[in-house]
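Q: I have some side-chain questions about this one. Put it up and I'll start.
A: Here it is.

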Amino acid sequence: MKITVLLSAGRHPVSARPCPPAVELQALRLASGLAADITGLHAGPSADGVADALGHGLSTLNLLTIKGDSDPLVSLAATLKATTPDLILAGRQAQGGEDSGLLPYALARELGLPILADVVRIDAGGEGLLAVEQVLPRGARRRVVLRLPALLTVHPAAPAPLPFTFAAARRGKITQLQGVDSQPPSAAPEERPYRKRPKLIAKSAAGASAADRLKAATEAAAGGGRLLVNPAPAEAAREIITHLREIGVLRR
Amino acid sequence: MSRTRRDPRTERALHLVAGTARPRLDRAAAPAAASPTGRPRRDPRAEVDSALVPGPARRRLDRTLRQTGLTGQTGHIVHLIEPEIALTAPPRIVVVEEPAFLVAAVPDAPGGRLTAHDRQVLGAARLLAEGGGAVVALPGGPVEELGGAGADRSQVLAGESEFDPEGRAAALAAALRRLKVRHAVFPETAEGGDLARRVAAALGEPLFAAAESLTARAVTRAARGRRVEQRATPPRLVSLTADAVAAYAGAPREAREINALGEVAAVPRAIVSARVVPADPATVPLSEAEFVVSAGNGITDFERFRALVAALRATPGASRVVCDAGLMPRAAQVGASGTVLDATCYFALGIAGAPQHLQGVARCEHVVAVNTDLHAAMIERAGLAIVADAQEVMPALLAALQAEETRE
Ligand SMILES: Cc1cc2nc3c(=O)[nH]c(=O)nc-3n(C[C@H](O)[C@H](O)[C@H](O)COP(=O)(O)OP(=O)(O)OC[C@H]3O[C@@H](n4cnc5c(N)ncnc54)[C@H](O)[C@@H]3O)c2cc1C
């Protein structure tokens, strides 16, 4: 199986120095578990930061050199159309660029591939099939079997990246290719230093006294419940079980 | 000074009792018209009278207004209960007959119910629709409370099977094209965010992802590793983070069903099968758990408590006293200095309900409490409250669950 992992030029969340985003290194680890031929692909002016991925289990990195402000989508699509990998892996969101998480979707559209988001586990699922596990909210998972070729984005809950080894990073090959320069996306939004915005608080709490705010924070949304005083333990147990069933949290 | 002068003559005339030959004044009765400023005057005597608790020989006043005396005719107190009367009148439904433009909102509505985030998305759509627009809700399945949340129109756009993101995105893109919506707002959740990006790719338009503030004139989002804030006039496609915009709070709207089905383009479907695996309650983090059973200082038998948690398939929690004593791990602490829950149901055993603890339970929809103290705050908070010894209820619960299992 041929796998291409898309790598982006990220910035470290704390130091802001160039480094590959953690979730893309996690994608690398998922790919290396599949015993496949893996290549990294990056479109950008240089391999700054991205090259570190070579130390995390990647052997070859294809670098499509384009101008700093041109859209990487065109170059990536052109290359992937030519190489036709079975599986393309990407991070769920870049870290240090536009950070909108839109590129994998636009790319899948361009290549006519299906896309599945938030994957944490990938297993081979037979001829031309892949069994993947997708993260859902509240700790639930979804097991999906899908046909190849496909594009998957990886979720941060996937297994941690392989540890960095210096020797592997030295050994890894970077192939420079000429990318396609294109117009930068028009109408760039105005940018200013980030400032945290206050989160919304409950309407009833705004402006009222401290006692009212505490009450709003702790009182039942729908007041007035059932009260049983000194029931027999067996009766109490029956009541509780019926109530939990009604709510739907006790399934069985 | 601009204060109006008192006019003793008219004031006196207001107290005149009609129907007697001789002019008679009733100074005790409240004047028909209020004071010259229009504000009703307080009448301390009548307030005290209405707060009097009937019955006991000794005078007792209840100033919490819980007494039946609420119906007293003093201006002050009647004024207080007025809003309640207004609430009972059926609210008028707002109808937008000929909208100047449309704004779409795409709620997740898991299980056919709007989440708080969905309501905020509809509230944001309402904001963008100010000035003659109408909000179209496009959920993935039937949802009831759309009108109250601010939707003028609605149309269900479902995929072909239970998990068909490709089909739903294609139907949505077609509907947005056909309705020519000015804006479409999505929640930035796992499902909503995925859908928003699929639709953006299908329409070939940019998406303003994860907006952190939204008004009719500007939206902002974080970019470049949360170091800069991007600001723009609201584009066509916006996805909104939680707690950024208030939910709609006005009069209910009609949520009239329309036909928004557009020409759906063929999409490559690659999903062969999909199956949801529920979370393992024993390992799921407390903040994500759906059902939490929690022990307080009233619990002494922790072996039995753990057995009960396992039998109920719940996630274990505890109050601070229990964690401080080392009887439960610190990670299990619920409350202001522990974990704030997002659970559907919270089951508290032997917990008093200190304010610090209740803050951790504030977002839970249902609370069940077992406590020996009738006056515990937890009992007041609970939807099902049982005043009993938790040490006896726990084995009874375990026995009942076991009996059910053997019967099956
Ligand atoms: C700064 C600060 C932060 C705090 N943060 C937290 C926090 O995050 N989380 C937290 O939980 N607390 C917190 N606390 C502590 C909090 O104020 C309370 O002390 C604590 O929550 C009380 O725990 P409890 O209800 O288990 O114990 P208690 O107050 O001792 O209550 C025990 C309850 O069990 C009942 N009971 C006794 N025997 C039985 C029985 N056999 N069957 C049934 N019921 C029985 C009693 O009637 C009583 O209501 C904080 C305190 C401070 C000062």
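**Side chains and the chain interface**

Q: Are B:Phe302 and B:Phe305 buried or exposed?
A: Both B:Phe302 and B:Phe305 are buried. Keep in mind that this is a predicted model.

Q: How many aromatic pairs are there over all chains?
A: The count over all chains is 1 aromatic pair. The pair is B:Phe302 with B:Phe305, and it is edge-to-face because the planes of the rings are at 75 degrees, with the centres 6.1 Å apart. The cut-off for edge-to-face is over 60 degrees.

Q: Where do those two sit in chain B?
A: They are in helix H7 of chain B, residues 302-312. B:Phe302 and B:Phe305 are 3 residues apart there, so about one helical turn separates them.

Q: Which charged ends sit over rings?
A: Among them is A:Arg142, whose charged end lies over the ring of B:Phe163, 3.7 Å from the ring centre. Another is B:Arg182, over the ring of B:Phe101, also with 3.7 Å to the centre.

Q: New topic. How many disulfides over all chains?
A: The search of the whole structure gives 0 disulfides.

Q: Why is B:Cys323 not in a bond?
A: The closest cysteine sulfur belongs to B:Cys364 and is 16 Å from the sulfur of B:Cys323, so the two are too far apart for a bond. A disulfide needs the sulfur atoms within 2.5 Å. B:Cys323 is also buried, at 6% relative accessibility.

Q: And how far is the nearest cysteine sulfur from B:Cys345?
A: It is 8.0 Å away, again in B:Cys364, and B:Cys345 is in no disulfide. B:Cys345 has 0% relative accessibility, so it counts as buried.

Q: On to the interface. How many residues of chain B and chain A are in contact?
A: On the chain B side there are 84 residues, in contact with 74 residues of chain A. The area buried between the two chains is about 6,800 Å², and carbon and sulfur atoms give 57% of that.

Q: Which residues in chain B lose the most area to chain A?
A: Those are B:Arg227, B:Glu229 and B:Arg231. Together they make up 10% of what the chain B side buries.

Q: How many salt bridges between chain B and chain A?
A: The count is 3 salt bridges. One of them joins A:Glu191 and B:Arg224, at 3.1 Å from N to O. Another joins B:Glu404 and A:Arg245, at 2.9 Å.

Q: Which helices does the B:Glu404 pair link?
A: B:Glu404 is in helix H11 of chain B (residues 390-407), and A:Arg245 is in helix H6 of chain A (residues 233-247). The two ends differ in burial class: B:Glu404 is buried at 19% relative accessible area, while A:Arg245 is partly exposed at 31%.

Q: How many salt bridges does the structure hold over all chains?
A: There are 30 salt bridges over all chains. Including ones inside a chain, take A:Glu190 with A:Arg192, whose closest N and O atoms are 2.9 Å apart. A:Glu190 is partly exposed at 43%, and A:Arg192 is partly exposed at 33%.

Q: What about B:Arg330 and B:Asp324?
A: Their side chains meet in a salt bridge, 2.8 Å from N to O. B:Arg330 is partly exposed at 49% relative accessibility, and B:Asp324 is partly exposed at 46%.

Q: Last one. Which residues are linked in a network of salt bridges?
A: A:Arg121, A:Asp123, A:Glu133, A:Arg141 and A:Arg143 are linked in such a network.

How values were computed:
Residues are numbered from 1 along each chain as its sequence is written. Chains are lettered from A and ligands numbered from 1 in the order in which they are written. This is a predicted model: local features need pLDDT of at least 70, side-chain atom pairs count only at pLDDT 80 or more; totals for chains, interfaces and linings use all residues. Side-chain values use heavy atoms; hydrogens and water are left out. Rings of Phe, Tyr and Trp (its six-membered ring) pair if their centres lie within 6.5 Å; planes under 30 degrees apart count as stacked, over 60 as edge-to-face and the rest as tilted. Helices (H or I, at least four residues) and strands (E, at least two) are DSSP runs, numbered from the N terminus. Buried means under 20% relative accessible area, exposed over 50%, partly exposed in between (1.4 Å probe, protein chains only). A charge sits over a ring if NZ of Lys or CZ of Arg is within 6 Å of the ring centre and within 35 degrees of the ring normal. Contact means heavy atoms within 4.5 Å. Buried area is the accessible area (1.4 Å probe) that two parts lose on being put together, summed over both. A salt bridge is a side-chain nitrogen of Lys or Arg within 4 Å of a carboxyl oxygen of Asp or Glu.
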